[in-house]
Amino acid sequence: MKRLLALMLVLILVLSACSPKTDETSTDKEDEIAEYSVLYSGEITTLNYLVTSTTAEFALAANFVDSLIDFDRYGVAVPGLATEWEVSDDGLVWTLKIREGVKWVTHDGEEYAEVTAHDWVDAAKYLLNPANESKTANIFYSVIENAEEYYKGEITDFSQVGVRAVSDYVLEYKLKKPTPYFLSMLNYVCFLPANGDFLEEVGDRFGTDNVNFLYNGAYIMEVFEPQSRRILVKNENYWDKDNVFIDRIVMTYNQEAATLGPELFVRGEVDYSGIPASLVEEWMQDPARKDLIRPNRTSFYSYFYALNFDPKFDEEYEPENWKIAVNNRNFRKSLFHALDRVAAMTTAEPYNPEQRLSNTITPKNFVNFEGKDYVEFGKLKEFTNTDSFNPDLALKYRDEAKKELEGKVKFPIIVYMPYNSGSTEWANRAQVVEQQMENLLGTDYIDIVIDARPPTNFLSEVRRSGKYAFLECNWGPDYADPETYTDPFYPGGTYNFPEYVEGYNDPNGEKRYTNLVDAARAEVNDIEKRYELFAEAEAFLIEEAFVIPYAVGGGGYSASRLNPFESMYSPFGVSPERYKGHKLLDKPMNTEEFLQELEKWEQERVEALKKASQ
Amino acid sequence: MGKGAVNKLRNSIENSIKEDELFEFAEFDEEEAKRGGYSNYSYWRSTWKVFISNRLAAFLLILMAVLLLFTFIQPYLPNQKSPTKIHNHPETNLPLKNLRPNEEFWFGTNSIGQDLWARVWSGTRTSLMIAIIVGLWEAIVGITIGALWGYVRWLDRPITEIYNIINNIPKTIILILMTYIMKPSMFTMIFAICLTSWIDMARFVRNLTIIIRDREYNLASKCLGTPTRRIITKNLLPYLVSVIMLTIALSIPSTIGYEVFLTYIGLGLPVKTPSLGNLVNEGRLLILNPSQRYQLIFPSIVVSVITISFYILGNVFSDAADPKNHV
Amino acid sequence: MLKYSIKRLFQSLLTLFIIVTVVFLLMRLLPEEGYFGDAYEKLDEAQREAILTSMGLRDPIHIQLINFYKNLLKGDLGESITFRPRVPVMEIIKDKVPYSLYFGLASIAISLIVGISLGIAMARNKSKFWDKLGTGYIVFVRAVPAAVYFLFIQIYITDIFKLPMLFKIDDPKTWILPTISMSLGGIASYAMWIRRYMVDELNKDYVKLARAKGLDSKKIMVRHVFRNAFVPMAQYLPATILFTISGSIYIESLYSIPGMGGLLVEVIKRQDNTLVQALVLIYSSIGIVGLFLGDILMALFDPRIKLER
């Protein structure tokens, strides 16, 4: 047996001698270095910020490349690489003054070139070349003059596209039509700069790794080993380096981050970890761990239940019957008030489910006018603070619907509700919703049929092709304006096809909702009026129960040495992803502190916004 | 003793017994002939005897039979709950989620308030059904093809190449394409597993067959003109019974594990039918969470009991199947 | 033998061609939406077309296939399209293989040595202490899902010995636990099969004869019984060794090892056609060669086996 052990030992030694080469990165740290280490579970596909539209991917680039404008922690636009900007009276021409003396540096910190206005023109040229497969080009060409034509090859002269370097330090954008939210778009990836010479030099390999990349932001990526680790170090040449407080960020890949992260955090091996819902209750009862965790802030992803007006699912589930039912207002309202959203949310957020519920389609704190939140405008205000779940109302509407539909439809009405079998949470939620609504409304009235559909092509097969009656859907904003939340429901959308509803016809032949949105879209000068009109359109969808607002994304709990209120705040764009401005906390924030800070932040925000609008 | 004395003794014996009394002609009796020619040895009966004489094996066999029977009658016993019904708190009307085992819910409830006791048994029923069907399919198809592949020389090349093709096209691609065509159901799942599972069994049997096909006794049989079918069934397979039984026994627990993967890619069972694979997978996330660990432990115990039982049964049966161990 | 080998390997080239072509075509049956990941929703029609065209998916299928084989003959496997767009697939694979190879080979070595020793010990002491202990171990490894005991080992052993939980390339201490965890299953399965085959062999007449001749029982075990018992396992050995390059998904994901584990499944899900084709080409070559080498090895161990006729 001894011989065997000796043999094994030798073998291990031999094998470790021929193991993969180790890196010669210096691990000796000085005491003062502020290092933040974190696990990540999904590897990025590219660093190319002109191509990707995935937050996880541009979150990295956001720390390497600065944008024209930034947002402060209250969401007020502040100068970034543009020091000042102005818009022409007709709202079509935006002129921006570019910060002088900012340098592009390579991955080893060497200076490459100066940042000039031409970098935005070159970036646009790259973006609008279809061969580069940009996934954000459409956002760029939805506002910039002639950009769409150039992308589609209808014009070939790039100088006709509405982006121009007037001089090295003056950049000019010409828009298709006045766009009140254009400034906020400048914070998105398709408006980030790229050095033209470098693009030419590296060609196809731009953004494939940390070497084929130029930096002008707060951090430089020193090490990039896919599926292993990344090391970000502070950019010593950064123009605003006094506001960068974390010197080094170490990110380690681990596919099981959700399982291992909490334990690693407790052992002090990482400075951040998400805490899975199932652990939260446990930790909250443990006095030693209770103070390690806090809620996360919610995101601007909006989740809602949609009622389909153009059902195309199998005969087996009686689409014709559903179609008659869904066109009855009382029927829709009965479903609207019968959905217990707290019960549904417990499948995702068992601890404190209320924090993620949303009563409107557009989330709170998305946009505001002079400190007044969009959801407080007009008719929308009625819904903002009322829970749609109301058993008494649900039963009242059910009885009326029964009376009106008697003889016209077959009871119980089959409500066909597919879900994605790739998500356990969703599967659980489907069961909860089915049983909860059937219990309340009675199985002689509705019969909710839940159906597991494979994740492959789920959205195409189910939502876009209208093969559902009742479905949980979500939508994320494309720019900071309430208009972005109307896309799913406006004719041409692929959500619940409200243009097929019976009735609601306006004299001009359009459906009421279409007209409401058109009116709001046309109002580009008076923002207050614009928000009011959009609020009216959104209120219509909720009031008539075309949609049941459900929740916002994000949420959950985490243990972290960062203060979430120090990050730049913006509902859209790259700023919120930046580590700039963050300081490392000595001990993680707990729930009470989080709630205090949140309250404080909300008050200060109102002040800051008011001040900014003066 | 002198020679004379011997002769004397012989004579005295011969004298005392008459020759015709010593022997008589026997009548030909077919039954008796059989008894003499063959012993009352029957291979399977002996195997069974040796097998059942192992007390542990006998116990486990009964345990498995009882378990199987129980999963079927459990829903009809009094006071049983539905495996899919979500139980709500009578006052707050919120789901009774993550309740630890108590008098009402013997195994507690899961994260949305379903009765774990009912789910575990319903899952066991489903999983055992799938595993047994798949095990039988593997045995029949795998052994037939494997034996032919190994024994019949001219089939070796074509089947090897077919094996190479089937084995090397990633199963994931085929399964994902299948999710396109078929709806999740028990049949789909069994179909998906059966589609490829026999391949390994076939290769296993083929390897064993190659090892013994050129042994002298097979050569002899062949020279005597024994048909291939007979050589395979009488000369080869009995030799392999012990190891084949072990693989089949092991395939049952591994099928339960495979379910999890299928569920993940969307070929799994619909929510209405819980399975052991799903229950363990859901429970795995709670491993670091002592107060909810019971959700992992109960289904795991069932899986472990099944796995261990089949492993031991397989081994004991293998021992018993070896004729040398028959008394 | 040489002629047989050449002929058989040559034949396998055709098989390889069929496999890769079938996979090539199957990948193109997958829905187009899959090439975009989550981005699909927010793109307009013009962009989707532009992206698919740029990926080369708008060419007629036979052109795509011909291009693929043309480049393959030149030794060019192409660039990844969705996993890491524009990075040559060989570069991606090359970075990952060493890790999987190291852990795979180390764990096979350990499993073979420990597993076989345990198996022999169990067979020699059938129904005695070693056998019971070994059975207990095998049953445990079999009965507890790997995903569960791997996690337990990682969390509790690192806690007891104060080791870092995750793999770090420049810290040799972090190499040990993954290697050992990876071996546990192998040890159990080698021990189980060696025991099974040896118990079967032990009853054979030649063993009784050898015993009757008065041969040392240890010698009988190693020279005769083990050798015969090892033959059925020999078939699997080459493939097992070669396939270590495909990595172990559980271990690699738990310990953050940047190996090949799960790469194929991952790229199939992301529909990275070029990467899938490259991996299938590599894996099926290995599979074919592994099966062939297994046959040869089996014949070497047991000269009574004749492969050719």
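In the predicted model, strand S1 (35-40) of chain A runs parallel to S12(A), and six bridges join the two. Within this pair, A:Tyr40 has A:Tyr253 of S12(A) as its bridge partner. Both strands belong to an open sheet of four strands in chain A, ordered S1-S12-S11-S10, in which the pairing is mixed. S1 and strand S10 (219-225) of chain A form the edges, each pairing on one side only. From one strand to the next the twist averages 15°. Helix H2 (residues 55-64) of chain A packs on this sheet, where it touches S10, strand S11 (229-234) and S12 of chain A. The direction of H2 makes about 135° with that of S10(A).

Another open sheet of four strands in chain A has the order S4-S5-S9-S8, with antiparallel pairing. Its edge strands are S4 and strand S8 (163-167) of chain A, each of which pairs on one side only. The twist in this sheet averages 20° from one strand to the next. Helix H3 (residues 118-127) of chain A packs on the sheet and touches S5, S8 and S9 of chain A, its direction making about 160° with that of S8(A). At one edge, S8(A) is joined by four bridges to strand S9 (residues 170-174) of chain A, and the two run antiparallel. Here A:Arg164 stands opposite A:Glu172 in S9(A). At the other edge, strand S4 (residues 82-87) and strand S5 (residues 93-98) of chain A are antiparallel and joined by five bridges. A:Val87 lies opposite A:Trp94 in S5(A). The hairpin of S4(A) and S5(A) has five residues between the strands, and A:Gly91 in this hairpin takes a positive phi near 75°.

Chain A also takes part in interfaces with chain C and chain B. The size of an interface is often given as the accessible area lost when the parts come together. For chain A and chain C, this buried area is about 4,700 Å², with carbon and sulfur atoms giving 57%. The contact involves 61 residues of chain A and 54 residues of chain C. Seven salt bridges are found across the interface of chain A and chain C. One salt bridge is formed by A:Glu133 with C:Arg86, whose closest N and O atoms are 3.3 Å apart. Polar contacts between chain A and chain C number 26 residue pairs, both residues being at pLDDT 80 or more. On the side of chain A that touches chain C, two or more residues each come from helix H1 (2-17), helix H4 (137-141), strand S12 (248-253), helix H8 (257-266) and helix H17 (458-464) of chain A. H1(A) gives the most, seven residues. By residue class, this side comprises 23 nonpolar, 22 polar and 16 charged residues.

Between chain A and chain B, about 2,400 Å² is buried, 51% of it on carbon and sulfur atoms. In this interface, 29 residues of chain A are in contact with 30 residues of chain B. A:Glu282, A:Gln431 and A:Gln435 lose the most area to chain B on the chain A side, together 20% of what that side buries. Zero salt bridges are found across the interface of chain A and chain B, and four residue pairs are in polar contact, both residues at pLDDT 80 or more. Helix H9 (277-285), helix H13 (341-345), helix H16 (424-441) and strand S19 (446-453) of chain A are the elements that give two or more residues to the side touching chain B. The largest share comes from H16(A), with seven residues. This side of chain A divides into eleven nonpolar, 13 polar and five charged residues.

Definitions and conventions: Residues numbered from 1 in each chain as written. Chains lettered and ligands numbered in written order. Predicted model: local features only at pLDDT ≥ 70, side-chain atom pairs only at ≥ 80, totals over all residues. Heavy atoms only, no water. Contact = heavy atoms within 4.5 Å. Buried area = accessible area lost by both parts, 1.4 Å probe. Salt bridge = Lys/Arg side-chain N within 4 Å of Asp/Glu carboxyl O. Polar contact = N/O pair within 3.5 Å; in protein donor to acceptor, adjacent residues only side chain to side chain. Nonpolar A, V, L, I, M, F, W, Y, C, P; charged D, E, K, R; others polar. Pairing = 2+ DSSP bridges. Axes fitted to C-alpha atoms, helices over the stretch in contact; angles between N-to-C directions.
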